[in-house]
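User: I should like to learn how to read a structure that is new to me. Could you guide me through it, one feature at a time?

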There are 2 protein chains.
Amino acid sequence: MGISDLIAGFIQEALEDSDGVLELQRSDLAQRFNCVPSQINYVMSTRFSPEQGYIVESRRGGGGYIRITRVRADRETLLMHVINSLGDTLDLPSARAIAQNLVDNGAISLEAGRTLLSAVGDAALRAAPRESRGAIRADVFKQVLIHLV
Amino acid sequence: MGISDLIAGFIQEALEDSDGVLELQRSDLAQRFNCVPSQINYVMSTRFSPEQGYIVESRRGGGGYIRITRVRADRETLLMHVINSLGDTLDLPSARAIAQNLVDNGAISLEAGRTLLSAVGDAALRAAPRESRGAIRADVFKQVLIHLV
DNA sequence: TTCATTTTGGTCAAAGAAAGTCAAAATTCA
DNA sequence: TGAATTTTGACTTTCTTTGACCAAAATGAA
């Protein structure tokens, strides 16, 4: 487990304690974990993206900060939001991230999440022509979510 | 008995000890058995496939890993039977019938059944060429069931 | 006020660290 | 022997770490 995971874990714990909002300083955190400051940005973008249910705001200059807010919407709104945000095509990593997020938020069950992912995985779409796979994946994904609303 | 069998045996033993889940590093394992790393992938795909009752997840990059999970069977055998009875292609009415059956039997939840059907419905597969739709439907159906095992 | 300085955080690309893919070569099996 | 399985390795993709350079906000001096 690398540094990024450690940092992410630390932040998540702090978020628990502070009940969903957390303000910290990039250089502080970097020092605490003995890493370069830009690594904090990496952690933010890979593990605290809006896709994953977080809002990250920041401010530079003296007294600058990074503020992380965990957002939790109700099931239906969340599902609708996700459905509407889906484009005409969808790649597998994105599908995974979205499904994970939905499960984490309790919008869909773990079983439903797994089902969803296996329905859009490579093995499931292998008979589909390469060039239309993204489109089919998006359609299947959407249909499943729509029926789960 | 080749190296692949040795590796598979080693993993199975480790799975016993660790009670069904095991996380390891591909290059470590390769070194331990004095083989090329990609051999591990071969072992995974030939001996730890979902069809054989395992789920294999992995992650690349620094701190990467391969995680093997053994899924215990029970109603699983029932699902396996259904999976094995499926052909290369599947029409929608049959899909409906089978899903209904599985739900009635309590092999899968109602939610999973609905999800399954929406994943193989016409709306979900509209982007797929007519002639390969049956094949894709069969694949999706199978994959979902396999991962529900 | 205006502007230079300082204090933060942001971006991006290169280097590094795993794992994945694919097909040829080798081996085993029927 | 011929087909199936296994072994290898060259090449690819994904994720992480690092560092040089950039941009904005605060602060203090002129």
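**A guided reading**

Analyst: Let us begin beside the DNA, keeping in mind that this is a predicted model. By class, the surface near DNA strand D has nine nonpolar, 16 polar and four charged residues.

User: Which residues come nearest to DNA strand D?

Analyst: Of the 29 residues around that strand, the nearest are Gly2(A), Gly61(A), Gly2(B), Ser4(B) and Gly61(B). At least two residues of this surface come from each of helix H1 (3-17) and helix H3 (38-47) of chain A, and from each of helix H1 (3-17) and helix H3 (38-47) of chain B.

User: How many residues surround DNA strand C, and which are the closest?

Analyst: DNA strand C is surrounded by 26 residues, of which Arg60(A), Gly64(A), Arg26(B), Ser38(B) and Gly64(B) are the closest. In chain A, helix H2 (26-32), H3 and strand E3 (65-70) each supply at least two residues of this surface, and so do helix H2 (26-32), H3 and strand E3 (65-70) of chain B. By class, the surface near DNA strand C has four nonpolar, 18 polar and four charged residues.

User: What is the pattern of chain A along the sequence?

Analyst: Chain A has eight helices and three strands, and their succession reads α-β-α-α-β-β-α-α-α-α-α. Of its 149 residues, 27% are buried.

User: How are the strands of chain A ordered in the sheet?

Analyst: The three strands form an open sheet in the order E1-E3-E2, with antiparallel pairing. Strand E1 (21-24) and strand E2 (54-59) of chain A are at the edges with a single partner strand each, so one side of each has no neighbour in the sheet. From one strand to the next, the twist averages 15 degrees. E1(A) pairs with E3(A) in the antiparallel sense over four bridges. As an example of a bridge, Glu23(A) has Arg67(A) in E3(A) as its partner.

User: How should I read the packing of two helices?

Analyst: Two packed helices are described by the angle between their axes and by the distance between those axes. In chain B, H1(B) and H3(B) pack at an angle of about 70 degrees, and their axes are 10 Å apart. Angles of 65 to 115 degrees count as roughly perpendicular, and H1(B) and H3(B) are therefore described in that way. H1(B) contributes Ile3(B), Ser4(B), Ile7(B) and Ala8(B) to the contact, while H3(B) contributes Gln39(B), Ile40(B), Tyr42(B), Val43(B) and Arg47(B). Six of these residues are nonpolar, two are polar and one is charged.

User: Where do the two protein chains meet, and how many residues of each are in contact?

Analyst: The contact involves 28 residues of chain B and 28 residues of chain A. On the side of chain B, helix H6 (110-120) and helix H7 (130-148) are the elements that give two or more residues. H7(B) gives the most, with 10 residues. By class, this side of chain B has 15 nonpolar, nine polar and four charged residues.

User: Why is helix H6 of chain A described as largely enclosed?

Analyst: Eight of the 11 residues of helix H6 (residues 110-120) of chain A are buried, so the rest of the structure largely encloses this helix. The buried residues include Ala112(A), Leu116(A), Leu117(A) and Val120(A). Their cover includes helix H5 (92-104), helix H7 (122-125) and helix H8 (130-148) of chain A, together with H6 and H7 of chain B.

Definitions and conventions: Residues are numbered from 1 along each chain as its sequence is written. Chains are lettered from A and ligands numbered from 1 in the order in which they are written. This is a predicted model: local features need pLDDT of at least 70, side-chain atom pairs count only at pLDDT 80 or more; totals for chains, interfaces and linings use all residues. A residue is near a molecule or strand if its C-beta atom, placed from the backbone, lies within 6 Å of it. Ala, Val, Leu, Ile, Met, Phe, Trp, Tyr, Cys and Pro count as nonpolar, Asp, Glu, Lys and Arg as charged, and the others, Gly among them, as polar. Two residues are in contact if their C-beta atoms, placed from the backbone, lie within 7 Å. Two strands pair if DSSP finds at least two bridges between them. Axes are lines fitted to C-alpha atoms, for helices over the stretch in contact, and angles run from 0 to 180 degrees between N-to-C directions. A residue is buried if 20 or more other C-beta atoms lie within 10 Å of its own, exposed if 12 or fewer, and partly exposed in between; C-beta atoms are placed from the backbone. Angles under 35 degrees count as roughly parallel, over 145 as roughly antiparallel, 65 to 115 as roughly perpendicular and the rest as oblique.
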